[in-house]
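Please open the model in your viewer and keep the selection panel at hand. The tour below moves from one selection to the next and says what is to be found at each stop.

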Amino acid sequence: MASRPDHYRTLGVDKKASADEIKKAYRKLARQYHPDRNPGDKAAEAKFKEISQAHDVLSDPEKRKQYDQGTGPFAAGPGGGFGGFGNFDFDASSMGDILSNLFGGGGGGGTRTRGGQPRPERGQDLETEVSITFDQSVSGAQIPLSVPTSTTCNTCNGTGARPGTSPTVCPRCQGRGIETEGQGMFSISQPCPRCGGSGTIIEDPCPTCHGAGAVRTVKRYRVNIPAGVREGSRIRLPGKGEPGRRGGPPGDLYVVTHVMASPVFKRKGDNVEVEVPLSIPEALRGAEVEVPTLNGRKTLRVKPGTSHGTVRRLRGEGPPRLGGSGRGDIHYRFTIDVPSKLDKEQKAAVENLSKVLNGNPRARLFAGTGAASAEGGNE
Ligand SMILES: [Zn+2]
Ligand SMILES: [Zn+2]
């Protein structure tokens, strides 16, 4: 009888560790001890098995509960010892998922069906950022883009084997990619440590890619940025991600737009806002003022007595709506431009104005509070 393994200790986590903490600890250790990284190292291989077992139990809420309580397959045997490892129904396909994620093999689907042949795997998605001007975000643009990615190795056509040779069936697992230890109740299946679950091994690696089947490269594209994108918009370029494996489809490329700020136009959702300063006389008497639009200029009529912060909307004059119909609006926000210095003549004019425009605009602040007079303000 095996003694009860301490799965928490194996993963280096607390008994109260969250599912996330367990996953993190497992990934870190699996990466460290994976057979691909430690070829021929028996100790690492054993450790990898332990880690896999611990993860198998602790990542499954039901198994973890039984393990914690020492019930189910974890119940103590007749001799008082621990009754083996329990019935490990190791799900090789989900293991493939985890491993392929660990080693950057791509996000889509497992690498194989249970006990079957390795199946095609979709390439990873890529993401890159482009900086565009505000004008380009409104009218659209073609932007040159360089994307680091990998491409199928031309020397070996992606097999990873030296030209003239080919990958051979893994002698350890006979191509199954998984390995089963023990029998019946106590059997444990896990990815073959020799071939890492691929079912094949490369005896004579390709001199160009050293067995990877792919080489790093930089691809250049001209990307069409559609009119109406905003800060953080994601444009999907199907099939421009990492190439797939074993004939799988390539991933996608996502281009995230960074829109440089315009000194004039501020984006607000579907609309843009423009601050329009008015002189004091313009605000008082009204005026016709020229304002910028996204494609030229327009004259706006400012009503007499326009106050600071008044907004005028021009419907449908804003940026195009991305993926939708029509355009947003332009909001013109009037501000009153107050000179910080006055010359002698201006001072005299203000003096005159103050004689005729002499109401107290703050009177309403005190209406009904019993503090309407300045003398009572300190009560
Ligand atoms: Zn194998
Ligand atoms: Zn190659």
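Begin by selecting Pro 5, which counts as buried at 17% relative accessibility, where buried means under 20% relative accessible area, exposed over 50% and partly exposed in between, computed with a 1.4 Å probe on protein chains only. Pro 5 sits in the segment before α1 (7-11), and helices (H or I, at least four residues) and strands (E, at least two) are here DSSP runs numbered from the N terminus. Add Glu 50 to the selection: the two residues are 45 apart along the chain, and their C-alpha atoms are separated by 8.6 Å.

This is a predicted model, in which local features need pLDDT of at least 70 and side-chain atom pairs count only at pLDDT 80 or more, whereas totals for chains, interfaces and linings use all residues. Residues are numbered from 1 along each chain as its sequence is written, chains are lettered from A and ligands numbered from 1 in the order in which they are written, and side-chain values use heavy atoms, with hydrogens and water left out.

**The whole chain**

Zoom out to the full protein, which has 9 helices and 15 strands and 379 residues, of which buried residues make up 37%. Among the contacts with a separation of 6 or more, 61% are between residues 24 or more positions apart, a contact being heavy atoms within 4.5 Å.

**The two zinc sites**

Select the zinc ion (ligand 2) together with Cys 153, Cys 156, Cys 206 and Cys 209, whose SG atoms coordinate it at 2.2 to 2.4 Å. Donors are N, O and S atoms within 2.8 Å of the metal (3.2 Å for Na, K and Ca), and since water is not among the atoms, sites may look incomplete. The angles among the 4 donor atoms are 104 to 117 degrees, and the site is tetrahedral, a label given to four donors if all angles lie between 85 and 135 degrees. Along the chain the donors of this ion follow the spacing C-x2-C-x49-C-x2-C. Cys 153 lies in the loop between β2 (141-152) and β3 (168-169) and Cys 209 in the loop between β6 (200-201) and β7 (214-225), so the pair ties together parts that are 56 residues apart in sequence. Cys 153 is buried at 1% relative accessibility, and Cys 209 is buried with a relative accessible area of 7%.

Next select the zinc ion (ligand 1), whose protein donors are the SG atoms of Cys 170, Cys 173, Cys 192 and Cys 195, at 2.2 to 2.3 Å. This site is tetrahedral, with angles of 103 to 115 degrees among its 4 donor atoms, and its donor residues are spaced C-x2-C-x18-C-x2-C in sequence. Both Cys 170 and Cys 173 are buried.

**The sheet of 3 strands**

Colour β1, β9 and β8, which form an open sheet of 3 strands in the order β1-β9-β8, with mixed pairing; two strands pair if DSSP finds at least two bridges between them. β1 (126-132) and β8 (234-237) stand at the edges with a single partner strand each, so one side of each is left without a neighbour in the sheet. β1 pairs with β9 (residues 253-259) in the parallel sense over 7 bridges, and Ile 132 stands opposite Val 259 in β9.

**The sheet of 4 strands**

Move to the open sheet with the order β10-β11-β15-β14, which has 4 strands and mixed pairing. At its edges stand β10 (265-268) and β14 (311-314), each with a single partner strand, so one side of each has no neighbour in the sheet. β10 and β11 run antiparallel, joined by 4 bridges, and they form a hairpin with 2 residues between them, where Gly 269 in the turn has a positive phi of about 60 degrees. β11 and β15 are joined by 7 bridges and run parallel, with Pro 277 opposite Thr 335 in β15. β14 and β15 (residues 330-336) run antiparallel with 4 bridges, and the bridge partner of Leu 314 in β15 is Ile 330.

**The largest nonpolar core**

Which residues touch the most other members of the largest nonpolar core? They are Val 289, Leu 300, Tyr 332 and Phe 334, in a core of 17 residues, where a nonpolar core is a set of buried Ala, Val, Leu, Ile, Met, Phe, Trp, Tyr and Cys residues joined through side-chain atoms within 4.5 Å. The largest share of this core, 4 residues, comes from β11, a strand in which 6 of the 8 residues are buried. Finish on Tyr 332, whose contacts, leaving aside neighbours within four places in sequence, include Val 274, Val 291, Leu 300 and Leu 314.

Note on methods: Four donors count as tetrahedral if all angles lie between 85 and 135 degrees; four count as square planar and six as octahedral if opposite donors are over 155 degrees apart and all others between 65 and 115; anything else is irregular.
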